[in-house]
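Trainee: Please take a close look at the largest pocket and the ligand. What lines the pocket, and what surrounds the ligand?

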Amino acid sequence: MRVDILTLFPGAFTGPLDVSIIKRAREDGLLDLHITDIREFATDKHRSVDDYPFGGGQGMVMRVDVLDAALQHVQAEAPEPGLVIYMSPQGERLTDALVREFAANPRLVIVCGRYEGVDERFVEHCVDREISIGDYILTGGELPAMVLVDAVARHIPGALGDAASPEEESFAGRLLEHPQYTRPAEYRGWEVPAVLLSGHHANIEKWKAAQRLARTRLRRPDLLE
Ligand code: 4FV
């Protein structure tokens, strides 16, 4: 999968996408990540990428001409155009189902906003999907973009190694995960449920299923609707 990220802060991506599973997926050629600086496509001598909002209001808005030039350049860097995703609080809420849908694409182009956001004409004419990671305001779309890349990369065949598969985890079956325990079995008198130490697989599976349901009912009844 090829993922292009358009951002004013390429440096923000150094680190979170260079460790563990994502690092290996990139090294193994499963994830081909490209970060492009939007400011490279500014045309005026001040290299400005934003301007005052028409109709007044606080803050600055990112310019449609600079964003479109950056997008066209990146799209032309590979034969297959990517699905264009703009991260913003006005978007559809990111869910496991959406992550799986995006993971089925050969290529994504993720646009990170800053300031008050982008000119709406860019969203209207250049963006395929507007996505929010939650109802709160961040300083930029970079962290949401990393969340999306991390979540999607786990679904690239082979990215998780053969150990785990995304099929068997939370939200796939729309239930929260059962509690997890590991050694030491004894610690400060804090108990490990005996069934997990019983070796009785049928009972263990029954316990896990009951835990998933009980936790979901208690903590996220909305997932059961
Ligand atoms: C955001 C979110 C988010 C809004 C103004 C960037 C910021 C600034 N993106 N889910 N929540 N974006 O807060 O995706 O431009």
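Mentor: Here is the pocket, then the ligand, then two backbone details.

This is a predicted model: local features need pLDDT of at least 70, side-chain atom pairs count only at pLDDT 80 or more, and totals for chains, interfaces and linings use all residues. Residues are numbered from 1 along each chain as its sequence is written, and side-chain values use heavy atoms, with hydrogens and water left out.

The largest pocket has a volume of about 430 Å³. A pocket here is an open set of points on a 1 Å grid over the protein atoms alone, where a 1.4 Å probe fits, with protein on both sides within 12 Å along at least five of seven lines. Grid points are joined across faces, edges and corners, and the volume is the space filled by probe spheres set on the points. Lining residues have an atom within 4 Å of a point. There are 25 of them, and Y86, M87, S88, P89 and Q90 are the closest to the centre.

Three elements each supply at least two lining residues: β5 (83-93), α4 (120-126) and β7 (129-132). Helices (H or I, at least four residues) and strands (E, at least two) are DSSP runs, numbered from the N terminus. β5 gives the most to the lining, with five residues. By class, the lining holds 12 nonpolar, nine polar and four charged residues. Ala, Val, Leu, Ile, Met, Phe, Trp, Tyr, Cys and Pro count as nonpolar; Asp, Glu, Lys and Arg as charged; the others, Gly among them, as polar.

The ligand sits in this largest pocket (more than half of its atoms lie within 2 Å of the grid points). In the shell around the ligand, β5 and β7 are the elements that give two or more residues. Again β5 gives the most, here three residues. The ligand has 17 residues around it (a heavy atom within 4 Å), and Y115, I133, G134, Y136 and L138 come nearest. By class, the shell has nine nonpolar, seven polar and one charged.

Now the polar contacts (N or O pairs within 3.5 Å). A polar backbone atom of L138 is 2.8 Å from a ligand oxygen. For R114, a backbone N or O atom lies 3.2 Å from a ligand oxygen. For S88, the distance from such a backbone atom is 3.4 Å. The protein covers 95% of the 370 Å² of accessible area that the ligand has on its own (Shrake-Rupley method, 1.4 Å probe).

Finally, the backbone. R183 and P184 are joined by a cis peptide bond, with omega about 0 degrees. P184 is in the loop between α5 (142-153) and α6 (194-197). R47 has a positive phi, near 50 degrees.

Key. A polar contact is a pair of N or O atoms within 3.5 Å; within protein, one must be able to donate a hydrogen and the other to accept it, and residues adjacent in sequence count only if both atoms are side-chain atoms.
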